[in-house]
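Work through the exercises below with the sequence and the model open beside you, and try each task before reading its solution.

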Amino acid sequence: MPTTTHIPVLLKETVDALSIQPGGRYIDCTAGSGGHAEAVLEHAAPGGQLIGIDADPDAAAIARARLARFGGAALIVNDNFANLEAICLKNDFEPVNGILFDLGLSSMQLSESGHGFSFKHGAPLDMRFGPGQKTSAADIVNKYSEAELARIIFEFGEETRSRQIAHLIVRARPIRTTDELANLIERAVPGRGRIHPATKTFQALRIAVNQELEHLESALYQAVNLLGHEGRLVVISYHSLEDRIVKNFMRGEAAACICPPGLPQCVCHHQPRLRLVHKQVVAPSLAEEKANPRSRSAKMRVAERIIGNEEWQETAQRLSQLAGNETSGWKHPDKLRMIFGATLNLN
Ligand SMILES: C[S@@+](CC[C@H](N)C(=O)[O-])C[C@H]1O[C@@H](n2cnc3c(N)ncnc32)[C@H](O)[C@@H]1O
């Protein structure tokens with residue numbers, strides 16, 4: 001069993017933001033050690049259900065054990081949230097009332113696992129969430145060209161000394177462990193402020209290994225498809241690259257018009273699918289930051305699903321086509337009610 005515990009960040013704010021209803025259906029795309037998921041299930045009782053997803057098999061096992069007391073109301077899936085829609089369709093779990101992403105890594109992954117995510121603990125240079133992934137951090141560090149390494153470190157780490165670090169890496173390889181890489185960077189690149197000089201390079205490698213930004217973009221899009229009317233999308237991010245993606249995605253989906261600037265009139269006829277619940281990010285209180293320093297960089301964004309007239313009509317057509325199909329989840333009256341509210345006569 002892990003000796004470190006992960007303290008869920010912005011826990012009360014997350015529960016409030018999801019606007020949890022008894023009997024509702026929720027998805028935790030980053031189950032981790034199950035802290036947020038447990039609170040969601042407690043507030044959704046009686047009758048609430050949750051699918052928790054985690055790409056790391058160790059994290060999925062921890063969440064599964066923690067949520068065992070909820071019986072069949074909790075299903076933990078060891079998979080990448082890039083497969084969100086497929087996971088929900090397979091489990092006949094849509095539409096849902098709320099979806100949570102608490103991005104990044106858990107305290108256990110940073111402090112204990114052999115994944116090699118942290119420069120603070122000696123481990124093989126791996127950084128994959130699970131054994132199914134092909135490319136490890138060692139593959140990138142030891143096989144990629146200097147130019148490609150510099151690009152990754154600059155783009156995914158926002159490291160201004162990316163070329164210098166890439167040059168050092170190429171001269172020193174093969175590099176097999178987190179210690180070797182961290183020491184190499186520390187010896188040659190002076191630290192700035194409180195952060196370790198290898199911090200940004202490690203972030204960049206982890207993002208590249210796990211294709212984190214592509215998967216996030218794809219999963220956000222899928223999440224909106226799965227939300228029922230007034231369902232909530234809640235995303236907690238921990239660095240600016242993730243937050244920018246979330247911000248742009250939510251703003252784009254909430255915009256009434258996405259025409260390029262300068263057109264005399266709107267030609268896009270964009271249908272907003274989200275409403276921003278807060279105009280600004282929700283950040284932890286000073287008390288939370290003090291109690292849990294890991295929460296310091298957290299930013300939470302919240303949006304609510306809206307289903308406009310056109311989309312309602314399209315969905316109605318789809319439903320009538322599916323009406324004879326016994327395997328379709330859309331046939332269930334409770335699911336129809338979630339989308340159409342009181343306006344649909346289901347009898
Ligand atoms: C910050 S932790 C979540 C902690 C959790 N909210 C809790 O209360 O314990 C983030 C988790 O997301 C998982 N994760 C990160 N990217 C993922 C992805 N693309 N697909 C599935 N899980 C992912 C990590 O393995 C990690 O366990």
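**Exercises on backbone and core**

Pro46 is found in the loop between H2 and E2, where helices (H or I, at least four residues) and strands (E, at least two) are DSSP runs numbered from the N terminus. This is a predicted model, in which local features need pLDDT of at least 70 and side-chain atom pairs count only at pLDDT 80 or more, while totals for chains, interfaces and linings use all residues. Residues are numbered from 1 along each chain as its sequence is written.

**Exercise 1.** Determine the geometry of the peptide bond from Ala45 to Pro46.

*Solution.* Begin with omega, which is near -5 degrees, and conclude that the bond is cis. Then turn to the peptide bond from Arg173 to Pro174, which is also cis, with omega near 10 degrees; Pro174 lies in the loop between helix H8 (162–172) and helix H9 (178–188).

**Exercise 2.** Establish whether Met127 is buried or exposed.

*Solution.* First locate Met127 in the loop between helix H5 (107–111) and helix H6 (137–143), and note its positive phi of about 70 degrees although it is not a glycine. Next apply the cut-offs: a residue is buried if 20 or more other C-beta atoms, placed from the backbone, lie within 10 Å of its own, exposed if 12 or fewer, and partly exposed in between. Met127 has 25 other C-beta atoms within 10 Å, and is therefore buried.

**Exercise 3.** Repeat the assignment for Glu230.

*Solution.* Glu230, in strand E5 (residues 227–237), likewise has a positive phi of about 70 degrees. With 16 other C-beta atoms within 10 Å, Glu230 is therefore partly exposed.
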